[in-house]
Amino acid sequence: MNDSLEPRKVVSILFIIAIAVVFTLSFGPGSSGFNRTGGGNTAPSAAAVVNGKEIPILEFGREYRNQIQYLRGQGQPVTEAVARQFGLPQRVLENMVDTELLAQAAERHGLRASDEEVLEILQKDPNFQKDGQFDYQTYSNVLRDYYRQTPANYEEDLRRRLAAQKMRGMVQNGAIVSDDEVRTRFSKEGNQARIVFARFLPTMYADKVPAPSAADLNTFKQANPKQIQDYYEANRFVYQQPERIRARQILVKVAPEATPEQKAQAMQRAQALRKEIEGGKDFAEVARASSEDPGTKPAGGDLGWVERGNWEPALANAAFALNAGEMTQPVETKFGIHLVKVDEKKPAADKKLEEVQDEIATTLYKQQKAKDQAQAEAQKALASVKGGQALSTLFPPEKEGQPALLRFETEARPEAVQTDIFNAASTNVPHLGPAPDLLTAVFATKAPAALDQAFPVGEGFVVAQVTERQLPDEAKFAEKRNELHRQAQKAKEYEVADSFLKSLRKSGQVETNPTVLDQVAGG
């Protein structure tokens, strides 16, 4: 499947991802929570730690895979690459942290889900049903084989998620909307516009920028020592990396409560699979056929690039002792019996600033020259637009009738993009993203017009023409008042809940393991 998407599908996928994350984390399996502050001190087995409570990597991986499957079940062509492109791993992680923060707040406020509420959720979950009815044996088997939890542990996790919902509801019930807020909402939503814009990005001109001469490079280094130092610090992970391996695994699962005999049988099965590979079978093919890890099995056991700290010590020590092309003996962890093959190996890198400053200076020099060229081209286009020419004529879309609404590949040249209608309540320009100065200029106009400057947006510059304007019609205020009040109430509830969560993050301690996103999401 192609990893890129048609532009018309982008907005719906973003919306469905947002809904899917909230839905599954609220009612679906797995939870414990996590987010984004800190990052260096989490335990190797934890995706995050929220005020001392660990969120296991296994739990995050399960939740992430649930999201992928949910989206695919909605008919969305979501590959792993597309999910990463839209930040799905981060969204899942952040929402799990929020759930845990709310559960802890609920505990402090004495909020707890009743046995009846827990039972209702369990009985309605189709994963635990047989012939359309809740079945305790099915329930126990699913918990044992998939969640690796006992009923008591799973039900306590579920009780915490329900308590988190109660906490959110209690906070949202405090949201009150005034008549002035309703009128302000009407004034913004009735203030509408449509524009055509063209972007001028440094990447469009980068190949036209020659490498600096020795004299130019030396001058740039002398004039920009802080910029070079900042770039080095911001990209330290590139120049200072721990030892890494690109690996594949085959997993034979072992249940937490497995008997010694069952563990011995799993070990024998892993040894038999190893003999098949030693006999000439391809490791990836054996993984696809026999591995019991659903997250890596379809990809032939591919784990991507792994650092030593990502794994339990026994498995890490065995795998990192190998050379590329070699395979471990069976290794037992709490997840089961592993066979690991090392495809590639990279030693630890520790390059000092002095070793890479010429490379960094060259990169920054070329970036600045490309940005200067983008700005100059934007100014030329602005002069033409002010002279009466249309952006759609100056920079026609690549294919007539198919404007470049959004591109996932690097844009090669400026193209005129016609937006949808948007209003003054918007924080983003359709098909462009955050551009506060541009938004202010658009809604300062009273009629269609060319905007009188090239706006810095992201790394580039934007030239725009307002093609449609509609001002608020006060006569419709009474007609829409009730609906506007309902919308304002929903928005206020979101705002107070978001503010409450931010206060919990600020007063608490949230640490995340930054390597987990790539490890679990296949980055």
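In this predicted model, helix H6 spans residues 136-147, and its buried residues are Thr138, Tyr139, Ser140, Leu143 and Tyr147. A helix repeats in a regular way: an α-helix has 3.6 residues a turn, so residues three or four places apart point the same way. What lies over the buried residues of H6? The cover includes helices H2, H5 (115-124) and H7, together with the strands S3 (129-130) and S4 (133-134). Just after H6 comes Arg148, which has a positive phi, near 55°.

A step back shows the setting of this helix. The protein chain contains 19 helices and 19 strands, and 41% of its 523 residues count as buried. Among the contacts with a separation of 6 or more, 73% are made by residues 24 or more positions apart.

H7, one of the elements that cover H6, also packs against another helix. Two packed helices are described by the angle between their axes and the distance between the axes. For H4 (residues 88-108) and H7 (residues 151-172), the angle is about 80° and the axes are 7 Å apart. H4 is therefore roughly perpendicular to H7. On the H4 side, the contact is made by Thr99, Glu100, Leu102, Ala103, Gln104, Ala105, Ala106 and Glu107, which meet Arg160, Arg161, Ala163, Ala164, Met167 and Arg168 of H7. Sorted by character, the residues of this contact are 7 nonpolar, 2 polar and 5 charged.

H4 and H7 also take part in the largest nonpolar core, and this is a good place to look next. Which residues have the most contacts inside this core? Among its 30 residues, they are Phe60 and Leu88. Two or more residues each come from strand S1 (46-50), helix H2 (57-73), H4, H7, helix H18 (477-507) and helix H19 (515-521). H4 is the element that gives the most, with 10 residues. Another core, of 18 residues, lies apart from this one, and its members include Phe422, Leu439, Val442 and Val466.

Strand S1, a contributor to the largest core, belongs to an open sheet as well. Three strands make up this sheet in the order S2-S1-S19, with antiparallel pairing. The edges are formed by S2 (53-56) and S19 (510-512), each of which pairs on one side only. From one strand to the next, the twist averages 15°. S1 and S19 run antiparallel and are joined by 3 bridges; Ala48 has Thr512 in S19 as its bridge partner. Helix H2 packs on this sheet, where H2 touches S1 and S2, and the direction of H2 makes about 50° with that of S2. H4 appears here too, lying across S1, S2 and S19 and running at about 35° to S1.

A second open sheet has 4 strands, in the order S8-S7-S10-S9, and its pairing is antiparallel. Why is one side of S8 (302-307) and of S9 (331-333) left without a neighbour in the sheet? Both strands stand at the edges, each with a single partner strand, so there is no neighbour in the sheet on one side of each. The twist in this sheet averages 45° from one strand to the next. Within the sheet, S7 (residues 244-253) pairs with S8 in the antiparallel sense over 5 bridges, and Arg244 stands opposite Glu307 in S8. Two helices accompany these strands. Helix H12 (residues 260-278) packs on the sheet and touches S7, S9 and S10 (336-346), with a direction at about 130° to that of S7. Helix H13 (residues 283-290) lies across S7 and S10, and runs at about 35° to S7.

The last strand to follow is S5 (residues 192-200), which has several partners. How many bridges join S5 to S18 (residues 460-470)? There are 9, and the two strands run antiparallel. One pair in this ladder is Ile195 with its bridge partner Val466 in S18; Val466 is also among the residues of the 18-residue core. S5 pairs with S13 (residues 422-423) over 2 bridges, in the antiparallel sense, and Gln192 has Asn423 of S13 as its bridge partner. S12 (residues 417-418) is joined to S5 by 2 bridges and runs antiparallel to S5, with Val196 opposite Gln418 in S12.

Terms used:
Residues numbered from 1 in each chain as written. Predicted model: local features only at pLDDT ≥ 70, side-chain atom pairs only at ≥ 80, totals over all residues. Heavy atoms only, no water. Axes fitted to C-alpha atoms, helices over the stretch in contact; angles between N-to-C directions. Parallel < 35°, antiparallel > 145°, perpendicular 65-115°, else oblique. Contact = heavy atoms within 4.5 Å. Nonpolar A, V, L, I, M, F, W, Y, C, P; charged D, E, K, R; others polar. Core = buried A, V, L, I, M, F, W, Y, C linked by side-chain atoms within 4.5 Å. Buried < 20%, exposed > 50% of the residue type's maximum accessible area, 1.4 Å probe, protein only. Pairing = 2+ DSSP bridges.
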